[in-house]
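Colleague: Before relying on the labels assigned to this model, I should like to know the grounds for each of them. Could we go through them in turn?

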Amino acid sequence: MSAQALPDLAMDGEDAPQTDLNSELAIRLDARISPDYWEIYDPKCPDEAVCGNLVDDLADVASDLQRGIEDYDSGNGASAAFVWQLGLNHHWGKHVVDALRALHSVIGE
């Protein structure tokens with residue numbers, strides 16, 4: 001099942017999940033991949049390129065997905081679905097796209 005196909009859910013009394021950079025993942029990736037890349041962050045302002053970081057992107061995705069995995073493993077599938085859907089639409093989904101674009105450009109070289 002894809003995260004886009006998940007039903008709309010609301011969590012009563014819970015704040016949006018907070019993300020923590022997984023420093024162990026960052027250390028392992030940073031040793032293998034040149035992490036920085038440039039992109040146009042806002043297509044409406046094409047002259048403003050920003051520096052992205054592949055390690056940060058992947059660590060944010062892993063951290064956000066881990067929260068849902070913990071909820072799912074504890075038997076709370078509805079919470080896991082909510083966390084994954086919220087993250088896809090508001091946080092880690094953007095990081096996945098940015099990381100994929102950066103990796104794709106490296107593969108094409």
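The exchange below takes several labels and sets each against its criterion.

Modeller: Please bear in mind that this is a predicted model. The protein chain has 4 helices and 2 strands, and from the N terminus on the order of these elements is α-β-β-α-α-α.

Colleague: What share of the 109 residues in the protein chain is buried?

Modeller: Buried residues make up 29% of the chain. As for contacts with a separation of 6 or more, 59% of them join residues 24 or more positions apart.

Colleague: Why is D71 called buried?

Modeller: D71 has a relative accessibility of 13%. The label requires a value under 20%, and D71 therefore counts as buried. This residue lies in helix 2. Leaving aside residues up to four places away in sequence, D71 touches N76, S79, A80 and V83.

Colleague: Which other residues of helix 2 are buried?

Modeller: Besides D71, the buried residues of helix 2 are L54, V55, D57, A59, D60, V61, S63, D64 and G68.

Colleague: Why is L86 called partly exposed?

Modeller: Its relative accessibility is 22%. Partly exposed covers the range between the buried limit of 20% and the exposed limit of 50%, so L86 counts as partly exposed. L86 lies in helix 3. Its C-alpha is 9.7 Å from that of D64, with the two positions 22 residues apart in sequence.

Colleague: What makes H91 partly exposed?

Modeller: H91 has a relative accessible area of 25%. That value falls in the range from 20% to 50%, and H91 is therefore partly exposed. H91 belongs to the loop between helix 3 and helix 4. The C-alpha atoms of H91 and V61 are 8.3 Å apart, although the two residues are 30 residues apart along the chain.

Colleague: How do you know that N53 caps helix 2, and at which end?

Modeller: A side-chain oxygen of N53 lies 3.0 Å from the backbone nitrogen of V55. The cut-off for a polar contact is 3.5 Å, and the cap is at the N-terminal end of helix 2. After helix 2 comes G75, which has a positive phi near 90°.

Colleague: What makes the span of helix 2 close to expectation?

Modeller: Helix 2, residues 54-73, has 20 residues, and its first and last C-alpha atoms are 28 Å apart. At 1.5 Å a residue the expected value is 28 Å, so the span is close to it. Helix 4, residues 92-107, gives a similar result: its 16 residues reach 22 Å, close to the 22 Å expected.

Colleague: Why are helix 2 and helix 3 called roughly antiparallel?

Modeller: Their axes cross at roughly 170° and come within 7 Å, helix 3 being residues 77-90. An angle over 145 degrees earns the label, and the two helices are therefore roughly antiparallel to each other. The residues of this contact comprise 6 nonpolar, 3 polar and 3 charged. On the helix 2 side they are D64, L65, R67, G68, I69, D71 and Y72, and these meet G77, S79, A80, V83 and W84 in helix 3.

Colleague: Against which elements do the buried residues of helix 4 pack?

Modeller: They pack against strand 1 (36-40), helix 2 and helix 3. The residues concerned are W92, G93, H95, D98, A99 and A102.

Terms used
Residues are numbered from 1 along each chain as its sequence is written. This is a predicted model: local features need pLDDT of at least 70, side-chain atom pairs count only at pLDDT 80 or more; totals for chains, interfaces and linings use all residues. Side-chain values use heavy atoms; hydrogens and water are left out. Buried means under 20% relative accessible area, exposed over 50%, partly exposed in between (1.4 Å probe, protein chains only). A polar contact is a pair of N or O atoms within 3.5 Å; within protein, one must be able to donate a hydrogen and the other to accept it, and residues adjacent in sequence count only if both atoms are side-chain atoms. Axes are lines fitted to C-alpha atoms, for helices over the stretch in contact, and angles run from 0 to 180 degrees between N-to-C directions. Angles under 35 degrees count as roughly parallel, over 145 as roughly antiparallel, 65 to 115 as roughly perpendicular and the rest as oblique. Contact means heavy atoms within 4.5 Å. Ala, Val, Leu, Ile, Met, Phe, Trp, Tyr, Cys and Pro count as nonpolar, Asp, Glu, Lys and Arg as charged, and the others, Gly among them, as polar.
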